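Here are my notes on the model, as numbered points. Please read them with the structure open.

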Amino acid sequence: MKKKTLSSVLAAALIISSVLSLSGCGNDNTTPVCADMLNTADREISVSVAKIDNLPSDFLMGADVSSYLAIDKSGGKYYDYDGKELDMDGFFTLLKTSGLDIVRFRVWNDPYDEKGRGYGGGNCDTDAAVTMGTSATKAGLQIMIDFHYSDFWADPNKQMTPKAWQAMSDSEKESALESYTRESLLKLKDAGVNVTIVSIGNETDNGMSGGTGWAEKCALYSAGSRAVREVFPDALVAIHYSNPEHDYVKYAQYLTDYKVDYDIFGTSYYPYWHGTLENLTSVMKEIADITGKRVMVLETSWAYTLEDGDGNGNTVSHEENSDDPYYSFSVQGQADEISSVTQAIADVGDAALGCLYWEPAWIPVKYYNPTGRDAAKILESNKKAWEKYGSGWASSYASAYDPEDAGVYYGGSAVDNQALFDFGGHALDSLNTFRYMREGHEAEELTLSQIILPAPISFEYGEDIHDYLPMTVRGELDNKQRITFNVEWDEEELASFTGVGEYTAHCTIIDEIPGGDGTPRKVMLKVNILPENLLVNGDMESGDATGWTISDPMAGITTDDPYRGSYSLHFWSEGQVSFTASQNITADKDGELVFSMKAQGGDMGDGHVVKAVVTNETTGVSAEGSVTLAGWQKWQETGSISDAGIAALSVSAGDKVTFEIVVSGSAGGWGTIDDVFLSYQ
Ligand code: CA
């Protein structure tokens with residue numbers, strides 16, 4: 001999970017006004033009255049969940065609740081479905097009775113500075129896992145330990161070496177990791193914690209504990225695994241990666257080649273980052289088939305609201321990760337997401353071992369409403385708690401260890417709106433989804449309230465529209481549940497889309513519509529037929545540099561921030577940004593060439609250059625168009641060739657034409673380029 005949010009998101013979150021006026025709210029530590037008022041409706045919602053028929057008998061429902069202890073120490077309160085306040089044992093018992101089998105705790109080696117001040121994110125060390133694990137064991141839950149082998153967050157963006165291991169050689173680090181794992185697990189064992197799964201590393205796609213190569217990474221996995229086998233011989237060893245759109249088959253091959261002794265191949269799956277459910281199922285099935293190992297979703301989550309509850313902007317918000325949602329942002333939407341992801345992993349077959357939700361209990365310390373009474377005081381008291389008890393994602397004390405991320409963006413929870421408790425700590429019915437999935441739960445008679453319009457499609461002239469048309473649309477029922485309908489397209493209408501341009505296509509829902517009267521329901525779709533591109537891979541969708549000659553590795557085809565599709569030409573450089581990406585083509589007929597190019601990015605400095613230059617090498621005439629980058633996802637388009645004062649570039653059949661993207665800017669500049677078109681006018 002990506003833990004930070006951009007400072008701009010925080011600023012935006014602070015100006016969003018809440019829908020309710022909360023005058024008369026209590027503002028002391030003990031009465032979450034404001035939250036009560038805001039979320040009464042959410043709390044009363046009973047969710048509908050279809051029974052999952054093909055769950056393997058040993059399938060584990062679970063959640064990572066690592067932040068619980070820090071929230072508890074900060075004075076945050078939790079309540080059951082009837083509003084009864086829960087102590088720690090009561091909290092874990094509620095999880096058990098809501099259908100969870102297992103809880104996961106992350107463990108950092110030493111999340112404290114030299115003065116003993118916690119880095120935040122729950123200050124999750126072995127002692128915290130012992131405290132929570134003891135209570136969870138008493139409640140009848142299994143425990144999964146998630147070693148990050150770092151002193152703070154480890155994910156695809158960073159895998160920092162623990163302070164104590166920084167001067168070590170590779171082999172010294174392996175022994176240190178093995179001893180550390182052994183000692184940590186022995187503490188848990190001595191306390192009687194029911195550890196059944198141990199994850200060796202967290203989202204280790206790009207490294208672990210400072211090691212980046214597969215040989216080193218696998219040696220570290222093996223060192224950790226040896227310690228697990230020794231201390232908890234009955235526990236399972238998990239390896240965890242971040243995104244099923246990454247090359248898991250290759251990862252699995254490395255694990256085999258380096259003879260890593262493990263049992264579970266785990267993945268994170270956040271719907272707004274990690275592709276489709278179908279891909280999740282097929283990739284994890286392939287991994288299970290190849291390796292013979294069990295597979296799990298180790299992290300997933302969804303938001304029940306786009307509001308923020310603690311004064312720290314959220315990962316999923318009005319501004320971020322909320323475009324075109326497959327599920328609604330509601331309590332029912334959470335139930336839909338959890339059950340859909342669980343169904344997707346269950347569809348792998350008997351190899352599927354479980355699905356874990358990420359941080360359902362990371363609620364605000366105190367509910368913060370920017371327009372409510374005493375807002376400034378509440379925010380101040382939250383900030384104090386984040387610093388003192390580590391209940392935010394990072395404290396300022398983490399800055400020496402993690403200067404670029406925590407050092408700049410430290411603060412509260414970026415996922416309080418993805419908790420399965422409301423901002424005041426009251427359990428939402430979405431927490432019961434784990435139980436409902438085993439037996440099914442129907443809230444009420446439901447009717448369709450709206451159809452979610454499908455996202456517009458774009459493709460090049462000459463391509464088959466059927467390769468792009470969705471065969472299903474989503475609809476939302478009156479309880480905000482989103483379901484899928486099969487559709488049929490009007491073929492006669494499609495046949496009339498004969499040239500470049502924008503069209504509207506229509507389809508008819510062919511499935512039964514809940515609450516419908518039998519009248520056919522039509523749905524429209526915007527269709528954009530783009531010019532035939534003379535460039536190869538101008539949309540970057542081959543997923544590699546096919547067609548392009550790129551002058552420097554600071555630029556390459558990645559999945560970062562595409563304008564359209566899944567890939568873009570991404571660039572970033574610690575030093576000065578300077579590269580070109582070019583193609584040579586031969587004109588196949590006489591005519592006038594025009595082009596366009598989309599770009600977004602920032603930190604490039606004044607006078608930076610992002611331009612496309614088209615040159616007719618035969619005549620020596622060239623034309624160019626440029627853009628000025630304006631920030632993340634603020635897409636700019638070149639004004640075709642108008643910058644050069646030429647409306648189009650004349651070519652004759654057989655002329656050699658060079659197309660070149662030229663980018664330069666300051667150190668630290670970044671951005672993406674996508675949808676580059678060169679076509680006859
Ligand atoms: Ca927040």
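1. Strand 17 and strand 20 (residues 577-586) pair in the antiparallel sense, over two bridges. One residue pair to look at is Thr 549, whose bridge partner in strand 20 is Ser 582. Please keep in mind that this is a predicted model.

2. This pairing belongs to an open sheet of five strands. The order is 17-20-26-22-23, and the pairing is antiparallel. Which strands form the edges? They are strand 17 (549-550) and strand 23 (621-627), each of which pairs on one side only. Strands of a sheet pair through backbone hydrogen bonds, either parallel or antiparallel.

3. Strand 19 (residues 568-572) has two partners worth tracing, strand 18 and strand 27. Strand 18 (residues 555-558) runs antiparallel to strand 19, and four bridges join them. Here Ile 557 stands opposite Leu 569. Strand 27 (residues 670-680) also pairs with strand 19 in the antiparallel sense, over four bridges. In that pairing Phe 571 stands opposite Gly 671.

4. Is strand 19 enclosed or open to the outside? Four of its five residues are buried, so strand 19 is largely enclosed by the rest of the structure. The cut-off for buried is under 20% relative accessible area.

5. Now the metal site. The calcium ion is coordinated by six residues: Asp 308 (OD), Asp 310 (OD), Asn 312 (O), Asn 314 (OD1), Ser 413 (O) and Asp 416 (OD). The distances are 2.1 to 2.4 Å. Note that Asn 312 and Ser 413 are listed with O, whereas Asn 314 is listed with OD1.

6. What is the arrangement of the donors around the calcium ion? It is octahedral, because the six donor atoms subtend angles of 79 to 177°. The test asks for opposite donors over 155 degrees apart and all others between 65 and 115.

7. Along the chain, the calcium donors follow the spacing D-x1-D-x1-N-x1-N-x98-S-x2-D. The x98 stretch lies between Asn 314 and Ser 413. Two of the donor residues can be checked for exposure. Ser 413 is buried, with a relative accessible area of 1%. Asp 416 is buried as well, at 0%.

8. A helix residue deserves a look too. Ala 223 sits in helix 7 (residues 214-231). Its relative accessibility is 0%, so Ala 223 counts as buried. Leaving aside residues up to four places away in sequence, Ala 223 touches Glu 174, Leu 177 and Glu 178. Val 107 is 116 residues from Ala 223 along the chain, and their C-alpha atoms are separated by 17 Å.

9. On the overall fold, the protein has 14 helices and 27 strands. The radius of gyration is 27 Å, close to the 26 Å that the globule rule gives for 681 residues, so the protein is as compact as a globular protein of that length. Taken along the principal axes, the C-alpha atoms fill a box of roughly 80 × 70 × 55 Å.

10. Last, burial, contacts and surface. Of the 681 residues, 57% count as buried. Among contacts between residues at least 6 apart in sequence, 76% join residues at least 24 apart. The accessible surface comes to about 26,900 Å². Carbon and sulfur atoms account for 48% of that surface.

Notes. Residues are numbered from 1 along each chain as its sequence is written. This is a predicted model: local features need pLDDT of at least 70, side-chain atom pairs count only at pLDDT 80 or more; totals for chains, interfaces and linings use all residues. Side-chain values use heavy atoms; hydrogens and water are left out. Donors are N, O and S atoms within 2.8 Å of the metal (3.2 Å for Na, K and Ca); water is not among the atoms, so sites may look incomplete. Four donors count as tetrahedral if all angles lie between 85 and 135 degrees; four count as square planar and six as octahedral if opposite donors are over 155 degrees apart and all others between 65 and 115; anything else is irregular. Buried means under 20% relative accessible area, exposed over 50%, partly exposed in between (1.4 Å probe, protein chains only). The radius of gyration is taken over C-alpha atoms; the globule rule is 2.2 Å times the number of residues to the power 0.38. Contact means heavy atoms within 4.5 Å. Accessible areas come from the Shrake-Rupley method with a 1.4 Å probe; for residues, only the protein chains shown count as cover. Two strands pair if DSSP finds at least two bridges between them.
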